[in-house]
Amino acid sequence: MQIEKYKIDELNQYKIQQHKRRFENVAADINNVEDILHKLTEFQIAIPSWALGTGGTRFGRFSAGGEPRNLEEKIEDIGLLHKLNNSSGAISLHIPWDIPSNTNNIKVLAAQNNLRFDAMNSNTFQDQPDQHLSYKFGSMQHVNKAVRRQAIEHNTDVIKYGIELGSKSLTVWLSDGSNFPGQLNFRKAFQYTLESLQEVYNALPDDWKMFVEYKAYEPNFYSTTVGDWGQSFLYASKLGFKAYTLVDLGHHLPNANIEQIVSLLLMEEKLGGFHFNDSKYGDDDLTVGSIDPYQLFLIFKELAEGMDARGMNHSGDLAWMIDASHNVKDPLEDLLQSVEAIMIAYAQALLVDSTALAEVQQLNDVVNAQEILQRAYRTDVRPLVAEARLRSGAALEPLQLLRELQVREILIKERGSKTISTGL
Ligand code: LRH
Ligand code: MN
């Protein structure tokens with residue numbers, strides 16, 4: 001399904017007076033508004049190919065209908081999101097869920113939808129029907145060298161798909177770990193995993209990056225072999241300059257200070273990118289900013305400050321990806337809300353007066369430090385984010401337009417109400 005440009009212009013025309021009033025009102029107090037709008041327009045977030053259908057839990061899955069039946073339809077759905085907000089200009093594939101049937105056709109279709117291929121994701125957390133050896137007791141940590149070999153070969157195959165598609169990075173998330181004390185020799189598991197990752201690292205093209213994604217628990221519930229930022233940092237440091245850590249917001253133990261982790265990984269030049277989502281308890285994969293938008297703001301404040309400290313390019317030097325699943329929301333509406341929440345947190349972070357903050361920190365003026373942060377956080381930056389969309393030809397109100405155009409109803413007519421998309 002395509003959204004015609006005139007449909008976007010039509011709704012924008014209807015909303016323009018109200019928007020201009022709100023934009024001029026907030027812009028009046030911002031001296032670097034053009035710089036902020038430029039940064040917002042440049043900022044592109046990759047959409048996970050595995051999040052265009054409804055997710056589920058072991059207790060149930062409730063299909064939304066009209067779900068993409070293949071990679072082509074997933075690219076069309078992300079193209080549709082990108083048309084609406086012009087901030088979703090990349091797709092992150094998961095192999096083997098998204099093996100391209102015809103690479104050239106897939107590249108042409110992605111280009112027609114102004115999409116590039118972000119990080120490729122390998123999968124050694126499930127056994128495939130034609131698979132020789134099981135990953136039941138892990139993949140790269142496995143005591144059996146042949147299983148580790150199988151996992152290494154899968155990852156090098158994923159790199160090959162990525163090279164053909166124009167991707168420049170590989171995300172390795174290993175579900176490896178143990179469920180019971182005594183089940184695993186932690187040192188051997190680490191060494192086997194490091195040796196295996198090293199072989200995959202050595203297969204990377206020169207201009208590629210490898211992201212080592214950590215996670216505290218699930219599916220293993222006693223130990224995880226890449227279980228926290230420290231372990232991921234250790235692997236990435238031992239592997240080489242092309243290896244980085246990847247921060248999935250839902251992969252921390254309760255009350256972890258993620259913004260502090262981000263600031264240190266960035267300082268150590270080992271922060272590769274993000275899987276944005278939100279959570280109240282575990283790896284809930286909820287809509288970004290739906291549970292703790294203040295934490296998201298604090299993370300972006302550390303990102304903006306840390307990247308500026310190193311003269312980094314905000315949009316291109318880190319990998320910005322969403323990793324969420326949708327149990328009760330329409331996947332497209334959920335993703336539009338997630339992108340909006342990320343853009344809002346980024347815009348608020350760009351409003352932080354970092355010079356004034358540094359001064360009050362030097363004075364240990366704790367009260368004013370909070371005032372400076374919350375002045376930015378409490379600024380309604382939605383008109384700035386909307387103005388950036390307007391200037392880049394997208395919709396002032398993407399979610400409203402998606403609903404008014406009855407996109408889900410049309411997709412159900414085109415694809416059927418029972419289609420199930422590959423993914424979690
Ligand atoms: C693991 C994870 C990983 C993906 C998977 C879909 O929880 O975050 O990034 O491979 O979700
Ligand atoms: Mn993830």
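## Ligand 1 and its polar contacts

A polar side-chain atom of Asp248 sits 3.1 Å from an oxygen atom of ligand 1. His251 does much the same job on paper: one of its polar side-chain atoms is also placed 3.1 Å from a ligand 1 oxygen. For His275, an N or O atom of the side chain is 3.2 Å from an oxygen atom of ligand 1. With the protein around it, ligand 1 has 97% of its 300 Å² of stand-alone accessible area covered. Keep in mind that this is a predicted model.

Who else is around ligand 1? The surrounding residues include the aromatic names Trp50, Phe125 and Trp173, along with His94, Lys215, Asp283 and Leu424. Glu213, Asp248, His275 and Asp323 are on that list too, and they turn up again at the metal.

## The manganese site

The manganese ion (ligand 2) is held by Glu213 through OE, Asp248 through OD, His275 through ND1 and Asp323 through OD, at 2.1 to 2.2 Å. What geometry does the site have? It is octahedral, with 6 donor atoms around the manganese ion (ligand 2) and angles of 72 to 169 degrees among them.

Along the chain, the donors of this manganese ion are spaced as E-x34-D-x26-H-x47-D. Glu213 belongs to strand E9 (residues 209-213), while Asp323 is in the loop between E13 and H10, so this pair ties together parts 110 residues apart in sequence. Both ends of that tie are buried: Glu213 has 3% relative accessibility, and Asp323 has 10%. The cut-off for buried is under 20%.

## Ser325 in the loop

Ser325 is found in the loop that runs between strand E13 (319-322) and helix H10 (331-350). Is Ser325 buried or exposed? Its relative accessibility is 17%, so it counts as buried, the limit being under 20%.

If you skip residues up to four places away in sequence, Ser325 touches Gly55, Asp285 and Asp334.

## Val360 in helix H11

Over to another part of the chain: Val360 is in helix H11, which covers residues 354-362. Val360 counts as buried because its relative accessibility is 10%.

Which residues does Val360 touch, leaving out those up to four places away in sequence? They are Asp365, Asn368, Ala369 and Ile372. Val360 and Ile372 are 12 residues apart along the chain, and their C-alpha atoms are separated by 9.3 Å.

Definitions and conventions
Residues numbered from 1 in each chain as written. Chains lettered and ligands numbered in written order. Predicted model: local features only at pLDDT ≥ 70, side-chain atom pairs only at ≥ 80, totals over all residues. Heavy atoms only, no water. Helix = DSSP H or I, 4+ residues; strand = E, 2+ residues; numbered from the N terminus. Buried < 20%, exposed > 50% of the residue type's maximum accessible area, 1.4 Å probe, protein only. Contact = heavy atoms within 4.5 Å. Donors = N, O, S within 2.8 Å, 3.2 Å for Na, K, Ca; no water. Tetrahedral: all angles 85-135°; square planar, octahedral: opposite > 155°, others 65-115°. Near = heavy atom within 4 Å. Polar contact = N/O pair within 3.5 Å; in protein donor to acceptor, adjacent residues only side chain to side chain. Areas by Shrake-Rupley, 256 points an atom, 1.4 Å probe, with all protein chains shown as cover.
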